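Colleague: I am new to this structure and should be grateful for a close look at one run of paired strands. Please then connect that part with the remainder of the chain.

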Amino acid sequence: GGMEKIKQHTFALAHYTYNVLSTLKYANGAPVIRIYSDTDFSNPDVQGPIINFNILDEDGEVIGFSQVDKMASLYNIHVRTGCFCNTGACQMHLGISNEDIRRNLQAGHVCGDDIDIVDGHPTGSVRISFGYMSSFEDAQTFLKFIIATRLSKSNAEILFQSSVTTLTTESVPDEHLPFSSAYKLSPISHISDRELRNNSSVTMTTGSWQPPESEAESIRAAVSETAIPTCRRGGKPITVTNIYLYPIKSCSAFEVTEWPVGNQGLLYDRNWMVVNQNGVCITQKQEPRLCLINPSIDLKKKIMIIQAEGMDPISVSLEENTGKETVVSESKVCSHRVKTYDCGERIAGWFSLFLSRPCRLIRQSSDMSHQNNTKGLASATNISLSLVNEAQYLLINVASILQLKEHISARLEEPLEMEELIRRFRANIVISAPESFEEEEWAEISIGALRFQVVGPCSRCQIICIDQQSAERNKEFMQSLSVARGRKTNFGIYLMNQPLHSSLPDMLSVGSQVLPVLKENMEIQPPTSREEKCSG
């Protein structure tokens, strides 16, 4: 029908979505969405099929765009976030001054990162767009996502049905809809609570992870208690309980009780990765069955053994292939370019057969590791990384796992095992500390003779929704984490090792004591006796 029909079609979808979003409110009357627009979406000649917005909580505070993006990805919804290469519009609509821009830059915020809130103020927003191929069902899918993740079940049904009933007859002004009456948005727009729960094309449950507000507040209050006393009465020492390395990126963990530390982290941690036929890294986000591949390292035999159910074990030498036949190529890991080489046809055939798709195993070239000038460390320090995303190590606390387990278990039909939860978070170092989330207050830690600097919190992605034993997905884990942490999906902290430059190899061992230093540079000393008293 030409561009005019496309304009009318896309505008109808945007106008409908805009009106529903504008009417959504929490039980206390607060709006769910703040829309940034220069028009009221009444005229397609001055308004395109784009909606720019931020999601608010019940108190009117903005929920960061990176968290919205992660939640949307669980429902296969793609949104654009940030400032959209339009700093001027971002400043105007978000009320960001030039001084704020400078302050955000000083806080480490750059274009494309996940720093979505600075000093309580948003640094960007969320945008959805409609095209000629978009359908009314697409608009409803997006609206169901907002409702399912922000409103309680009863509130969702009342508000959404009333909004849709009104909009079905007045969705777009007649003068801007030169179509037949059959095009109006009335036939399938009445969405009931039952449909929100059972619609097979949109696998979400209304309010499935949003508890009653009283419960949500109790969760947040409990989880936010992260203050660490300078000493504890009868406090047990903090110790390392588990050590894991992941020789092949996104594959199963290899648990050890003692392991050497190299200049990139645990020796052989994420030295290999699986790539598709175009050389692009494959992770569990695209291929959950990677977690069913079990690599293990035999330091004495100098081989990595790779196993998977239904497959014959296969081994890869730990000795780097430096022969003339070695082809060194360039790959990307989270925007960082790294030099890698292929592990050969035999290994490629094994992975391709198990994953039922063409793929290859490549290894990082040891003399060409990628460097990362890591935020939080000295500006002159270039940290050597393996094929990790952010930092050399990831640490989680058993007490924090227990806190989260309690809330997730309440929403699942089957009880959760601690081992399952620990493996979902794919940490290198697991510790047992007395207080949940106290690790987030640490600036440095010492484990035995090793010293680590805390880089920052780990903002979780959808991989925690994948059961590492079965490769099955469950959105409940990300959703519950977001609620329990008060809109954020942080869990665990990133560490960088500060080498001792010793002639002896550095070793990390289970059972070693962990001595943290607080961010205000107050070291936590283990109490000398049960009678020792805290000074404040």
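Modeller: Strand β13, which covers residues 294-298, pairs with β14 in the antiparallel sense, and five bridges join the two. Please bear in mind throughout that this is a predicted model. Within this pair, Ile-297 has Met-304 of β14 as its bridge partner. The two strands form a hairpin, with four residues between β13 and β14. In that turn, Lys-302 has a positive phi of about 60 degrees.

Strand β14 itself, residues 303-307, shows an alternation of its side chains. Met-304 and Ile-306 point to one face and are buried. Ile-303, Ile-305 and Gln-307 point to the other face and are not buried. This agrees with a general pattern: in a regular strand, side chains alternate between the two faces of the sheet. Met-304, the bridge partner of Ile-297, is thus one of the buried residues of β14.

Strand β14 also pairs with β15, residues 314-317; these two run antiparallel and are joined by four bridges. Here Ile-305 stands opposite Ser-315 of β15. Strands β14 and β15 form a hairpin as well, with six residues between them. Gly-310 in this hairpin takes a positive phi near 85 degrees.

From this hairpin one may pass to the nonpolar cores. One core has 49 residues, and its members include Met-311, Ile-314, Leu-245 and Leu-495. Ile-314 falls within the range of β15, residues 314-317. The 49-residue core lies apart from the largest nonpolar core, which has 64 residues. In the largest core, Phe-142, Ile-146 and Phe-425 touch the most other members. Helix α5, residues 136-150, gives the most to this core, contributing seven residues. Domain 1 (3-151) and domain 3 (393-518) both supply residues to the largest core, so this core lies between them. Leaving out residues up to four places away in sequence, Phe-142 touches Thr-17, Leu-21, Phe-53, Ile-77 and Ile-128.

Leu-495 leads on to Leu-395, with which it is in contact. Leu-395 lies in strand β21, residues 393-397. Its relative accessible area is 0%, so Leu-395 counts as buried. Apart from neighbours within four places in sequence, Leu-395 is also in contact with Ile-429, Ile-431, Glu-439, Ile-445, Gly-492 and Ile-493. A further pair to compare is Leu-395 and Pro-457: they are 62 residues apart in sequence, while their C-alpha atoms are 9.6 Å apart in space.

Two helices deserve attention next. Helix α10, residues 398-409, packs against helix α12, residues 476-484, at an angle of about 115 degrees, and their axes are 10 Å apart. The crossing of α10 and α12 is right-handed. From α10, the contact is made by Leu-404, His-407 and Ile-408; from α12, it is made by Phe-477, Ser-480, Leu-481 and Ala-484. Nine of the nine residues of α12 are buried, so this helix is largely enclosed by the rest of the structure. Among these buried residues are Glu-476, Met-478, Gln-479, Ser-482 and Val-483. Gly-486 follows α12 and has a positive phi, near 70 degrees.

Met-478 of α12 is also one of the residues touched by Lys-70. Lys-70 is found in helix α2, residues 65-74. With a relative accessible area of 12%, Lys-70 is buried, because the cut-off for that term is under 20%. Not counting residues up to four places away in sequence, Lys-70 touches Ser-459, Arg-460 and Thr-489 as well.

For a second example of strand pairing, consider an open sheet of three strands in the order β11-β10-β26, with antiparallel pairing. Strands β11 (265-266) and β26 (507-509) are its edge strands, and each pairs on one side only. Strand β10, residues 258-262, and β11 are joined by two bridges in the antiparallel sense. In that pairing, Val-261 has Leu-266 of β11 as its bridge partner.

Finally, some totals set these parts in context. The protein chain has twelve helices and 27 strands. Of its 536 residues, 51% are buried. Among contacts between residues at least 6 apart in sequence, 72% join residues at least 24 apart.

Methods
Residues are numbered from 1 along each chain as its sequence is written. This is a predicted model: local features need pLDDT of at least 70, side-chain atom pairs count only at pLDDT 80 or more; totals for chains, interfaces and linings use all residues. Side-chain values use heavy atoms; hydrogens and water are left out. Two strands pair if DSSP finds at least two bridges between them. Buried means under 20% relative accessible area, exposed over 50%, partly exposed in between (1.4 Å probe, protein chains only). Contact means heavy atoms within 4.5 Å. A nonpolar core is a set of buried Ala, Val, Leu, Ile, Met, Phe, Trp, Tyr and Cys residues joined through side-chain atoms within 4.5 Å. Domain bounds come from an automatic or database domain assignment. Axes are lines fitted to C-alpha atoms, for helices over the stretch in contact, and angles run from 0 to 180 degrees between N-to-C directions. A crossing is left-handed if the near helix is turned anticlockwise from the far one by less than a right angle, and right-handed if clockwise.
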